[in-house]
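Grab a pencil and have a look at the protein below. Try each exercise yourself before you read the solution.

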Amino acid sequence: MKVERKEGEMHSPVISIVNLTGELYSELAKTYIEGNLTGNATIGVFKISYFLNQSINFLTILSLLVTMVSLGCTMEISKIKEHLLKPKGVTIALVAQFCIMPVTAFSLAKILQMDSVKAVTVLICGCCPGGTLSNIFSLALKGDMNLSIVMTTCSSIVALGMMPLLLFAFCQGFSGLENAVPYTGIMTTLAMTLIPCTSGILINYYKPKYAPVVTKAGLVVLILCSILVSVLSGMAVKGVMWMIFIPDVLAAAALMPLIGFALGYVMSAVSRLNAQCCRTISMETGCQNIQLCTAILKVAFPPEVIGPMFLFPLVYIMFQSAEALLLTLCYRCYQTVKTPAQSTGQGNVKQEVKQP
């Protein structure tokens, strides 16, 4: 099948970075087109206007950079040193992040018998480092915030080497994906995240009074960018939106974070970490860096290949947030029930001591 572009339609500026051979490019595009457009649908290439695609790309990268600057502003060098000198918690968290989630993504893609485009999308999401959303849920669960923030930063740095390596290893299990992943583009995107993160750390170190201002401003920009990206993405895929809401995609998006939360906690408990660290690592494992995943999928892959699957991170974050909120609610209810019970028990002990 020959993929044609008309003048004025999208031609990704990052195709020069993506080393897809013509044969493989056509194979992935064919998989997307023939595997998803059935029935009375017209067989044709997924199209998106140049201006709309460039706008989504710009806003996606901007939200990623803003997120990393804000993350850096929450980091304190002294706390980083403290955890690096006693690296047990960080080491276990990194192992959980880069073992549990990639294996989960690979297993789900195999079990659900996903085609090449869906499989590579799920794998990229599963191999991403932890996201900043995990810091919020760790706080809600009364976790170790120092470990949470250090873990998010360390996983972002380690991902520079681990993410391409994991993708290379797991893509061997899918026909046609051995050379399909744009490793150069992914490493470039990962490297870009380190610069704003380092900038945020330096702001917090040399100008700590500006750090809260930068963080709050970054949150506002992130919310606005997320809304705009959602609206523009909806406009771009309005004709094929149904393709993202299909059973196998929804199942992967729902099960991945849930498995990550559960196995992250179990692995930490087996390693004899305290309950506070277990809750933190649980959140860090299940919460992926959705901004990074979206940037990779949207920028590194041409729209003719990835199709509406670049919206998978948005579906993932919906389930991720819902499940994390449910776990937080269960924990808070447990704390509410547990505290009065402990207080009553302590009161009875005191009364028994006072009796002659």
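Here come five exercises on this predicted model, each with a worked solution.

**Exercise 1. Find out how many helices and strands the protein has, and describe how it is packed overall.**

Solution.
- Step 1: Start with the elements. There are 14 helices and 0 strands, so the pattern along the sequence is α-α-α-α-α-α-α-α-α-α-α-α-α-α.
- Step 2: Look at burial. Of the 356 residues, 51% are buried.
- Step 3: Check who touches whom. Take the contacts between residues at least 6 apart in sequence: 86% of them join residues at least 24 apart.
- Step 4: Finish with the outside. The accessible surface is about 16,700 Å², and carbon and sulfur atoms account for 67% of it.

**Exercise 2. Locate the salt bridge, and work out which parts of the chain the pair ties together.**

Solution.
- Step 1: Recall the idea. Side chains of opposite charge can pair when their charged atoms come close.
- Step 2: Apply the cut-off. A nitrogen of Lys or Arg has to be within 4 Å of a carboxyl oxygen of Asp or Glu, and by this rule you get 1 salt bridge.
- Step 3: Name the partners. Lys118 and Asp248 meet through their side chains, at 3.0 Å from N to O.
- Step 4: Place them on the chain. Lys118 sits in helix α5 (residues 116-127) and Asp248 in helix α10 (residues 247-270), so the pair ties together parts that are 130 residues apart in sequence.
- Step 5: Decide whether they are buried. The limit is under 20% relative accessible area. Lys118 has 9% and is buried; Asp248, with 15%, is buried as well.

**Exercise 3. Work out which residues make the nonpolar surface patch, and say whether Ile223 is buried, partly exposed or exposed.**

Solution.
- Step 1: List the members. Leu219, Ile223, Ile227, Val231 and Met235 make a patch of about 470 Å².
- Step 2: Pick out Ile223, which belongs to helix α9 (residues 211-236).
- Step 3: Read its accessibility. Ile223 has a relative accessible area of 45%, so it counts as partly exposed.

**Exercise 4. Describe the largest pocket: what is its volume, and which helix gives the most to its lining?**

Solution.
- Step 1: Think about the method. Rolling a probe the size of a water molecule over the atoms shows where empty space is left.
- Step 2: Note the volume, which is about 850 Å³ for the largest pocket.
- Step 3: Look at the lining. It has 31 residues, and Thr132, Leu133, Ile136, Leu222 and Gln291 lie nearest the centre.
- Step 4: Sort by helix. At least two lining residues come from each of α2 (50-73), α6 (133-140), α7 (145-171), α9, α12 (290-300) and α14 (312-354). The helix that gives the most is α9, with 9 residues.
- Step 5: Zoom in on α6. Its buried residues include Ser134, Asn135, Phe137 and Ser138. Just after this helix, Lys142 takes a positive phi of about 55°.

**Exercise 5. Work out which residues Ser155 and Ser156 touch, leaving out those up to four places away in sequence.**

Solution.
- Step 1: Place the two serines. Ser155 is in helix α7, and Ser156 is found in α7 too.
- Step 2: Check burial. Ser155 is buried at 0% relative accessible area, and Ser156 is buried at 4%.
- Step 3: List the contacts. Ser155 touches Leu94, Gln97, Phe98, Pro129 and Gly130. Ser156 touches Met68, Pro129, Gly130 and Leu194.
- Step 4: Follow one contact further. Ser156 and Leu194 are 38 residues apart along the chain, and their C-alpha atoms are separated by 7.7 Å.

Methods: Residues numbered from 1 in each chain as written. Predicted model: local features only at pLDDT ≥ 70, side-chain atom pairs only at ≥ 80, totals over all residues. Heavy atoms only, no water. Helix = DSSP H or I, 4+ residues; strand = E, 2+ residues; numbered from the N terminus. Buried < 20%, exposed > 50% of the residue type's maximum accessible area, 1.4 Å probe, protein only. Contact = heavy atoms within 4.5 Å. Areas by Shrake-Rupley, 256 points an atom, 1.4 Å probe, with all protein chains shown as cover. Patch = residues over 30% accessible without salt bridge, like charges linked within 9 Å, V, L, I, M, F, W, Y side chains within 5 Å. 1 Å grid on protein atoms, 1.4 Å probe; cavity = no way out; pocket = protein on both sides within 12 Å on 5 of 7 lines; lining within 4 Å. Points joined across faces, edges and corners; volume = space filled by probe spheres on them.
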